[in-house]
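Work through the following exercises with the sequence and the three-dimensional structure side by side. Each task is followed by a solution that goes step by step.

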Amino acid sequence: MRLLGVEVSRIDLALSAPVGTSAGTHKVRPVVVVRLDCDLGQGWGESGALAEGTVVDPPAAAVWSALVRAGARRLLAASSGLDGELPPAAEVAGLYGSTAVARAVAATVEMAVLDAELTAAGIGLGSRLGAGAVPVPAGGLVGIPEDRRVESLLDGVDAVAERGLRRVRLKIEPGWDAAPVAAVRRRHPDLPLQADANGAYRWPGTGAEAAGNLVALDDYGLVCIEQPLPPADLGAHAELADRLATPICLDESLTTPSRVVDAIRSGACEVACLKPSRLGGLLAARRAQEACRTAGVPAFVGGFFETGLGRSANASLAGLAGFTLPGDLTDPGGYLVENPWEYPPLHRGMVGPAGWPGVGGEVDTALLARRRGAVERFEAPTRGTHPTPPPETST
Ligand code: MG
């Protein structure tokens, strides 16, 4: 299949309601997407990058500029070296570097290449990943309410439970932890619950930030406490894991498949939240999942408020055997005001399988055009010319 051009665009979407976390409140959702134009069709890829970055995740603006500056041309240069053929998805990650931005770029481009390859071949992503086409359990997320009232939190959890979702992940932070979790547990004695701190506690720490306070959560039968401490310190997570009966889950700490292996070996990672866009793509996430499966560490696919495109990819990925816990796989229509890509229907908290070839389903091109904030287009060089690839460090 010949690669003819690459289009990078930013689609400016809005979240239906703000989502509060210890790291800030998400309100808008600019989505960086890549479209590959090939002689046999198109391929779409979506970046998981949010409007605001974190210590480990670059903001959407950084992914946009890396794609526009060099990322798109790097794929075209690789194609040129293959006499105009689209490089195989398995080789995409190797075109980019190992920084957080480079991994985010690689993940976006790899999804687009997979979509082009699979759509042309009439094959679904689940089959390509070795997951088959199976329904997978979806879990919901409830942020810290803007009014910080427990009643508002309970309303949010009730809504998730009524939809039949298979677990609820509560955002916590110092000062908003044991009391709200206790209230949710009283209201929903049997609902699988997780607490996600986004790295807001300190070990050993003092006052409300002291990670030792999290011992109080051991009374509520949580599936796990996610990312209690800042991402870099695996040793501190391992010490905290010894102290708590509730399993420690890592999310932001898990930046590459080899980092997942290190985290498991250190005793810091008793549950894993794996995000393809942070790990460098769906194929890297598959390797990370395999490391978890081999070590017997439960894992789930984490989300970044994707459109139906990125979330369909995650739902297909979640069919792999290592993903033993419900993923962040609710319908994007629940958190986006407008969702440009079709998403498989949910039934009693189970989603999929996607019934289409490629990664994503039907795309609403009119909606994309309406919400498109910026666009850059890169054409394949004329046959016979071989441009110098842009430097790897620039992505
Ligand atoms: Mg998390």
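**Exercise 1.** In this predicted model, classify arginine 377 as buried, partly exposed or exposed, and then describe its salt bridge with aspartate 37.

*Solution.* Begin with the accessibility: buried requires under 20% relative accessible area and exposed requires over 50%, and because arginine 377 has a relative accessible area of 35%, it is partly exposed. Aspartate 37, at 12% relative accessibility, counts as buried. Next, take the distance: the closest N and O atoms of arginine 377 and aspartate 37 are 2.8 Å apart, and a salt bridge needs such a pair within 4 Å. Finally, place the partners in the chain: arginine 377 lies in strand β14 (residues 372-379) and aspartate 37 in strand β2, so the pair ties together parts that are 340 residues apart in sequence.

**Exercise 2.** Examine the salt bridge between glutamate 7 and arginine 35, and state which network of shared partners includes Glu7 and Arg35.

*Solution.* The side chains of glutamate 7 and arginine 35 form a salt bridge with an N to O distance of 3.5 Å, and both glutamate 7 and arginine 35 are buried. Glutamate 7 belongs to strand β1 (residues 3-21) and arginine 35 to strand β2 (residues 24-38), so this pair ties together parts that are 28 residues apart in sequence. For comparison, consider the salt bridge between aspartate 147 and arginine 149, at 3.9 Å, N to O; here aspartate 147 counts as partly exposed at 41% relative accessibility, and arginine 149 counts as partly exposed at 45%. As the last step, follow the shared partners: salt bridges join Glu7, Arg35, Asp37, Arg372, Arg377 and Glu379 into one network.

**Exercise 3.** Determine which residues coordinate the magnesium ion, and how its donors are spaced along the chain.

*Solution.* The coordinating residues are Asp196 (OD), Glu226 (OE) and Asp251 (OD), at 2.1 to 2.3 Å from the magnesium ion. Read along the chain, the donors follow the spacing D-x29-E-x24-D. Aspartate 196 sits in strand β7 (residues 193-196), whereas aspartate 251 sits in the loop between β9 (248-250) and α7 (257-266), so that distant parts of the chain, 55 residues apart, are linked. Aspartate 196 and aspartate 251 are both buried.

**Exercise 4.** Establish where arginine 185 is found, and what surrounds its side chain.

*Solution.* Arginine 185 is found in helix α5 (residues 178-187). Although arginine 185 is buried, it has no salt bridge, and the nearest side chain of opposite charge, that of aspartate 190, is 6.5 Å away. A polar atom of the arginine 185 side chain does, however, lie 3.3 Å from the backbone oxygen of proline 189. Leaving aside residues up to four places away in sequence, arginine 185 touches Asp190, Leu191, Leu193, Tyr220 and Gly221.

**Exercise 5.** Describe which residues of helix α6 are buried, and what caps its N-terminal end.

*Solution.* In helix α6 (residues 234-243), the buried residues include Leu234, Ala236, His237, Ala238, Leu240 and Ala241. An α-helix has 3.6 residues a turn, so residues three or four places apart point the same way. The buried residues of α6 pack against β9 and α7. At the N-terminal end, aspartate 233 acts as the cap, with a side-chain oxygen 3.2 Å from the backbone nitrogen of glycine 235.

Terms used
Residues are numbered from 1 along each chain as its sequence is written. This is a predicted model: local features need pLDDT of at least 70, side-chain atom pairs count only at pLDDT 80 or more; totals for chains, interfaces and linings use all residues. Side-chain values use heavy atoms; hydrogens and water are left out. Donors are N, O and S atoms within 2.8 Å of the metal (3.2 Å for Na, K and Ca); water is not among the atoms, so sites may look incomplete. Helices (H or I, at least four residues) and strands (E, at least two) are DSSP runs, numbered from the N terminus. Buried means under 20% relative accessible area, exposed over 50%, partly exposed in between (1.4 Å probe, protein chains only). Lys and Arg count as positive and Asp and Glu as negative; His and the chain ends are not counted. A polar contact is a pair of N or O atoms within 3.5 Å; within protein, one must be able to donate a hydrogen and the other to accept it, and residues adjacent in sequence count only if both atoms are side-chain atoms. Contact means heavy atoms within 4.5 Å.
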